[in-house]
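Student: Could you take a close look at one helix for me, and then set it against the other elements that can be described with the same care? I would like a connected account rather than a list.

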Amino acid sequence: MKDLLTKGSITILLGTGGVGKTTIAAALALAGASAKLNTAVITVDPSERLRDALGLAHLGGDPTRIGTRQLAAAGLDRNLQLSAMMLDVSGEWDAIIKRFVTDPARREKIFDNPFYKSLTVEFAGSEAFAALQRLYDLHQTAGFELEVVDTPPASHSFEFLQTPARMIRLLDSRTARWLFTPSLSAGRIAMKVASETARFVVREIERFAGGSVLSTITDFFAAMAESMDAIIDRMHKTEALLHSPAVKFVMVTTAEPDRIRQARELLSQMDSEGLKLSAIVINRFLDERTFQECARPARERSAAADSVERPLSHLAEISELRASLAKDGADGNGSARLVNHFEEYRDRTLDEIKRVASFARELPPGVKLAIAPEIEAGVRDLATLSRVSGYLLSGSTILKPLEASARGVESLRENNRLRGGRQG
Ligand SMILES: Nc1ncnc2c1ncn2[C@@H]1O[C@H](COP(=O)(O)OP(=O)(O)O)[C@@H](O)[C@H]1O
Ligand SMILES: [Mg+2]
């Protein structure tokens, strides 16, 4: 992960809602700042969790620097340059129009135009589009060495990336401009709409336009006519930035079967869009204790008396439970149910380890993998966030010792099953 946090890059977090994108964004930004980069974490997430985790009293449209006192209190270098901000996109569309349409009368016409309003307010990707425009500006002017960008909750993350291209396709379409040239009479528009391309554009525009009537669309294109090229040029630049090597996409997922499946889908979707994924973070995988055990040198781990290496010794104990209860004559109904419960937990954990390991093996070359555990007390402060950063920076080193231990638990399970069978 360290290789991703380089000067001049923008790291964009992707993933379905609730997997921990916002948390991982903050943790990666902290890692970037710890690597001596002047870093900003930018959220488009309306929730205030990021603010809480960073210990900020306020998180607004301007970057707020994390204070030296908070950093020191979390045991961090007080000179870290870490700022956080919300992408406030409410006025972004108007700002674009103000910048590119110089004639005040035309500008007013655009602001009052119902098509403009539905394009900028109701269209689903509109906020995301504005956010990317803001990000473009910020990247050009704010002087951060690294920007880590969180994306909105729910499944819109990918749409977020497709919006500029869609917007360009729509507004830049010569058909659209030709169709909506105001001098045309309604009759001639109807005739033109008969063509296949025109029908496509009209359909697309209808999706953008909500209930706008045709005349408002024509008015919009007329008022925009002079500035349209400059605006589209700007959209192309944003689109180009998204596809440039400066931008690195990091997907966050958890280890649940559904989430892994969604992650696979997103991977192939990105591939077909020509977007390269730089890294995947599997978040909330196992617990911190297991991670810490895996991080110990192998020598120390195998010094444990148990037959199974340290990290999963609790699962190994579960595998002995049934036999030892039988030996103690305590195999009543209640304890049998309890053992079933524990064994289910063990098997679920073993499955999870297998799933993550095979997911790791099938990743396309060049896609890095990092893993963070479930933090029992939650991620609510800088110190905890910094621990998460540490896990992310150790990448997927946990997998090898973990798989070795899991194999040990599995053979123990099989042995005990055989033994139990003979006894029965
Ligand atoms: N590794 C983790 N361990 C424990 N809790 C976590 C972890 N990652 C995220 N969370 C918690 O899960 C919830 C959702 O995380 P969040 O980062 O807001 O997800 P998203 O942005 O993907 O919706 C938050 O309450 C957050 O504190
Ligand atoms: Mg979020």
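Tutor: In this predicted model, helix α4 spans residues 92–100, and the residues buried in α4 are E92, W93, I96 and I97. Seen down the axis of α4, these buried residues fall within an arc of 145 degrees, so they line one face of the helix. The spacing fits a general rule: an α-helix has 3.6 residues a turn, so residues three or four places apart point the same way.

Strand β4, residues 82–86, offers a contrast in how burial is arranged, since five of its five residues are buried. L82, A84 and M86 point one way from β4, while S83 and M85 point the other way, and all of them are buried. Strand β4 also has two pairing partners to consider. With strand β2 (residues 39–43) it runs parallel, joined by five bridges, and here I42 stands opposite M85 of β4. With strand β3 (residues 64–65) it runs antiparallel, joined by two bridges, and R65 is placed opposite S83 of β4.

Further along the chain, strand β7 (residues 277–282) is likewise mostly covered, with six of its six residues buried. Strand β6, residues 247–253, pairs with β7 in the parallel sense over five bridges, and within that pairing V252 stands opposite V281 of β7. Helix α13, residues 257–272, belongs with these two strands, as β6, α13 and β7 make a right-handed β-α-β unit. Strand β7 also pairs in the parallel sense with strand β8 (residues 368–371), over four bridges, and in this case I282 of β7 stands opposite I371 of β8.

A packing between two helices completes the account. The axes of helix α1 (residues 21–34) and helix α18 (residues 382–393) come within 8 Å and cross at roughly 80 degrees, and that crossing makes α1 roughly perpendicular to α18. On the side of α1, the contact is made by T23, I24, A26, A27, L28, L30 and A31, whereas α18 contributes L382, L385, S386, V388, S389, L392 and L393.

To return to your helix, then, the burial in α4 is confined to one face as far as E92, W93, I96 and I97 are concerned, while in β4 the residues pointing either way from the strand are buried.

How values were computed: Residues are numbered from 1 along each chain as its sequence is written. Chains are lettered from A and ligands numbered from 1 in the order in which they are written. This is a predicted model: local features need pLDDT of at least 70, side-chain atom pairs count only at pLDDT 80 or more; totals for chains, interfaces and linings use all residues. Side-chain values use heavy atoms; hydrogens and water are left out. Buried means under 20% relative accessible area, exposed over 50%, partly exposed in between (1.4 Å probe, protein chains only). Two strands pair if DSSP finds at least two bridges between them. A crossover is right-handed if, with the strands pointing away from the viewer, the path from the first strand over the helix to the second runs clockwise. The arc is that of the directions from the helix axis to the C-beta atoms. Axes are lines fitted to C-alpha atoms, for helices over the stretch in contact, and angles run from 0 to 180 degrees between N-to-C directions. Angles under 35 degrees count as roughly parallel, over 145 as roughly antiparallel, 65 to 115 as roughly perpendicular and the rest as oblique. Contact means heavy atoms within 4.5 Å.
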